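Hi,

Here is the structure I promised to pass on. Have a look at it first, and my notes follow underneath.

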Amino acid sequence: MAHADTTHAPPAHEASAHPPAHEEETNTGISHRKLLMWVFLGSDCLFFGSLIATYMVYRGQSIVGPYPIDIIDVPITTISTFVLLMSSFTMVMAVAAARNGNQKRLIQWLVCTIVLGGGFIGFQVYEFNLFRVEGLRYETNLFSSTFFTLTGFHGAHVTLGIFWLICLAVISARNPAGRPSGEDVDIAGLYWHFVDIVWIVIFTLLYLIGGFDAGPDVGHAAAQGWQWITGIIT
Amino acid sequence: MVTITGVIPRPNTYTGLWSWLTTVDHKRIGALYGFSAFFFFMVGGIEAGIMRLQLATSDASLVSADWFNAMFTMHGTTMIFMAIMPFGATFFNFLVPLMIGARDVAFPRLNAFSYWTFLFGALLMHAGFLIGQVPDAGWFSYANLTAAPFSEGKGLDFWALSLQVLGVASLAAGFNFVVTIINMRAPGMSLMRMPVFVWMTLVTSILLVLAFPIITVALIELTADRQFGANFFNTAAGGDPILWQHLFWLFGHPEVYILILPAMGVVSEIIPTYSRKPLFGYPVVVFSGIVIAIMSWAVWSHHMFTVGLGAIANSVFTITTMLIAVPTGVKIFNWIGTMWQGSIDLKTPMLMAIGFVALFIVGGLSGVSHAVSPSDFQQQDTYYIVAHIHYVLFGGAIFGIFAGIYYWYPKITGKMYHETLGQVHFWLMFIGMNLTFFPMHYAGLNGMPRRIYTYAEGFGWEFMNLLATIGYFVIVISLLVFIHNFFRSLKKGEEAGHDPWDAPTLEWSISSPPPVYNFAEIPVVKGQDAYWITKREAEARGETVPAEPHVDPSTIHMPSPSYWPLITSFGVVWIAGGLLIDFGWDYIRFPISFIGGLITIIGVIGWSNEPAAEEHHEAEAHH
């Protein structure tokens with residue numbers, strides 16, 4: 001239990017205010033791990049980009065229903081989107097707390113982020129289950145295959161992020177002396193914000209724009225969506 | 001969590017089998033990549049031989065049509081993903097830290113993970129042979145030939161899932177080398193002082209990082225279709241098989257440059273050394289490499305001219321494809337310009353490098369000829385295309401790889417290879433290569449389609465095919481000469497010394513083979529061709545450059561070996577392999593795959609709880 005042994009660890013304020021000594025000097029001044037995260041996120045852009053492209057190519061091409069307009073519930077997902085975006089705010093606070101070396105605040109904000117992220121996943125589980133009950137299974141049509149794959153992989157990213165934050169919270173609860181470092185939380189924060197940004201794109205394309213698609217005729221569906229929006233405004 | 005690391009004691013052996021299984025030393029990982037890549041190169045070569053024997057005469061019946069399909073699929077997949085790419089990784093691993101004056105890569109354990117994941121993925125792909133389930137839809141596995149009704153059995157599941165695992169390995173390696181090159185250069189090694197090989201590694205790694213997610217998605221969609229009943233490429237549900245082609249080639253064309261850019265980097269190191277001149281137009285070579293990488297994203301549909309994308313799409317991709325020949329041509333002129341008025345020493349690596357330039361020009365020219373879409377309509381799916389791809393990948397990539405193997409053999413092993421045998425290898429391979437692939441141009445333009453398992457008499461294809469088959473055996477003989485030379489020189493080769501070629505790059509400034517810690521003292525770089533500068537300055541002072549400064553190696557802290565990369569890789573391949581299990585009850589594959597997930601999670605937790613370097617092991621490590 002190396003972590004529990006705090007006798008040799010430097011005082012908390014000193015350790016977390018500065019990067020740990022083993023962090024090597026680099027050409028860019030950015031640590032290896034943070035640069036790795038940036039490169040990974042660049043790579044992940046192409047991953048989600050390809051999934052989103054697949055969705056957009058197949059938009060309105062399903063031959064059988066249920067179609068998005070039959071099943072997508074924009075208001076509910078607006079709430080879950082709000083929940084996820086708030087988690088980005090609490091993540092920022094967690095990063096700030098870690099940088100200031102405030103271990104207590106760090107744990108509090110991490111727990112907030114975990115709860116909000118978990119809330120988003122809860123909404124997604126609810127939504128997936130509702131869709132299943134209403135007859136939209138993975139193999140039903142093109143819409144279901146593309147929708148579940150894209151949002152499912154996004155949900156998997158959020159879930160992985162939650163586990164990561166839980167690990168950070170547990171580590172900081174067990175060992176208040178310098179771990180996790182500001183850098184550790186910062187890198188997790190990069191990942192978390194990225195996943196949130198991806199959700200903004202997905203929410204816009206799959207819900208706000210694509211959520212009103214009916215059958216194979218996209219033009220028709222878009223017109224319906226426009227009517228729905230103008231109906232709300234007027 | 002911490003206790004997991006306690007259960008398995010950290011490996012602390014530096015010899016024997018376990019030391020290889022747990023190594024995080026980039027040089028050892030490079031060697032592992034090299035041997036594995038050569039093994040799969042031979043496997044792919046045997047598959048090619050079966051095809052060449054079958055096609056040597058008309059109406060042959062050596063293999064069935066089904067088996068022939070499996071052979072060309074596995075030949076392409078093996079050569080691209082399990083031979084040429086890991087050969088590239090061999091050089092990245094061995095050379096990049098040495099060339100930039102670093103002691104290891106940025107993430108040594110991630111590096112080990114890349115290798116093991118690659119090896120396990122490759123073995124999983126070949127495991128299909130054991131149960132007679134071999135992929136047979138071509139190396140680009142076009143939808144909807146890959147749909148369950150048209151490709152029964154598990155062959156394509158092996159293909160898709162193993163390729164997914166190989167993708168994980170490539171991505172991890174790509175991340176590692178981008179970070180290593182950007183962050184770990186020795187003092188003074190600015191980007192524009194890096195050896196061209198390092199530049200090409202950086203460009204290739206960025207391409208890997210950006211291109212592999214696309215094939216990952218394509219394979220996820222294919223796997224979802226085949227395993228979970230999704231509709232991505234199901235035409236009955238409105239799915240579009242052309243989507244697969246777009247995704248595959250949007251990955252596939254950058255992939256082509258992932259295969260060739262490392263070889264271009266190798267050649268850019270070798271030609272200056274044996275011409276006794278710095279590389280002509282270094283910044284131009286670097287920038288044309290970068291331009292190739294950027295433009296490689298804008299040419300993918302030239303693989304799809306006959307699909308029917310329309311005149312505008314075909315015209316645009318004709319133009320972009322012809323444009324990408326420009327930076328490639330620029331590089332060719334730079335290499336020729338380097339040799340111009342140089343004091344050329346025709347050692348084996350130089351011969352291979354010149355062979356690369358010559359053969360790559362032939363492949364490049366045939367490439368331009370089918371960049372023109374109307375002309376491509378005549379060439380699509382004929383042996384002309386087969387000739388082209390082999391001129392760029394065998395004449396290009398493989399010649400570049402062998403050039404590199406000979407060039408760095410003294411550095412890697414500490415021994416000199418046998419020069420005469422090396423030249424015999426070169427000439428046999430050069431003649432064999434042209435004998436095999438040049439006639440294919442004629443066969444193709446005379447209408448011979450690719451991927452046919454046999455052909456009837458009377459089309460006039462027999463002679464060209466017979467020549468190609470004879471050429472194949474000349475290549476085989478040349479490779480036997482290489483293998484003999486390799487192992488003979490390991491035993492009986494002369495001591496190479498640390499700098500047998502009077503080379504310009506930093507890896508030659510340290511002893512051969514390099515010590516575990518590479519540089520006892522991190523070098524300070526004063527310009528391009530850093531080691532030439534050091535040597536010339538010392539000569540001007542009338543001194544010689546010592547091979548090693550005297551520093552006590554026990555003060556150098558190196559990362560310790562670790563079990564966790566191996567365990568994590570094992571878990572990753574188990575996830576994929578589990579989905580292939582079928583004991584009559586289909587759903588058993590999910591729990592089995594899930595066990596793989598658990599192994600991966602245990603591996604990751606153990607990994608993250610283990611410090612990169614174990615302080616107290618260090619002292620005993622380097623005695």
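**What turned up**

B:S205 is buried, with a relative accessible area of just 1% (buried means under 20%, exposed over 50% and partly exposed in between, using a 1.4 Å probe and protein chains only). Before going on: this is a predicted model, where local features need pLDDT of at least 70 and side-chain atom pairs count only at pLDDT 80 or more, while totals for chains, interfaces and linings use all residues. Residues are numbered from 1 along each chain as its sequence is written, chains are lettered from A and ligands numbered from 1 in the order in which they are written, and side-chain values use heavy atoms, with hydrogens and water left out.

Back to B:S205, which sits in helix α7 (residues 196-228) of chain B; helices here are DSSP runs of H or I, at least four residues, numbered from the N terminus. A polar atom of the B:S205 side chain lies 2.7 Å from the backbone oxygen of B:T201. Setting aside neighbours within four places in sequence, B:S205 is in contact with B:G174, B:F177 and B:V178 (contact means heavy atoms within 4.5 Å).

**Where the chains meet**

36 residues of chain B are in contact with 35 residues of chain A. The two chains bury about 3000 Å² between them, 71% of it on carbon and sulfur atoms; that is accessible area (1.4 Å probe) lost on putting the two parts together, summed over both. On the side of chain B that touches chain A, α1 (2-7), α6 (155-183), α7 and α8 (241-275) each supply at least two residues. α7(B) gives the most, with 10 residues.

**Over in chain A**

A:T90 is in helix α4 of chain A, and it counts as buried at 6% relative accessibility. Not counting residues up to four places away in sequence, A:T90 touches A:W109, A:C112, A:T113 and A:L116. With A:T113 there is a side chain to side chain polar contact at 2.9 Å (a pair of N or O atoms within 3.5 Å; within protein, one must be able to donate a hydrogen and the other to accept it, and residues adjacent in sequence count only if both atoms are side-chain atoms).

What span should the 26 residues of α4(A) have at 1.5 Å a residue? The expected figure is 38 Å, and the end C-alpha atoms are 37 Å apart, which agrees (expected span is 1.5 Å times one less than the number of residues). Just after α4(A), A:G101 takes a positive phi of about 75°.

Cheers
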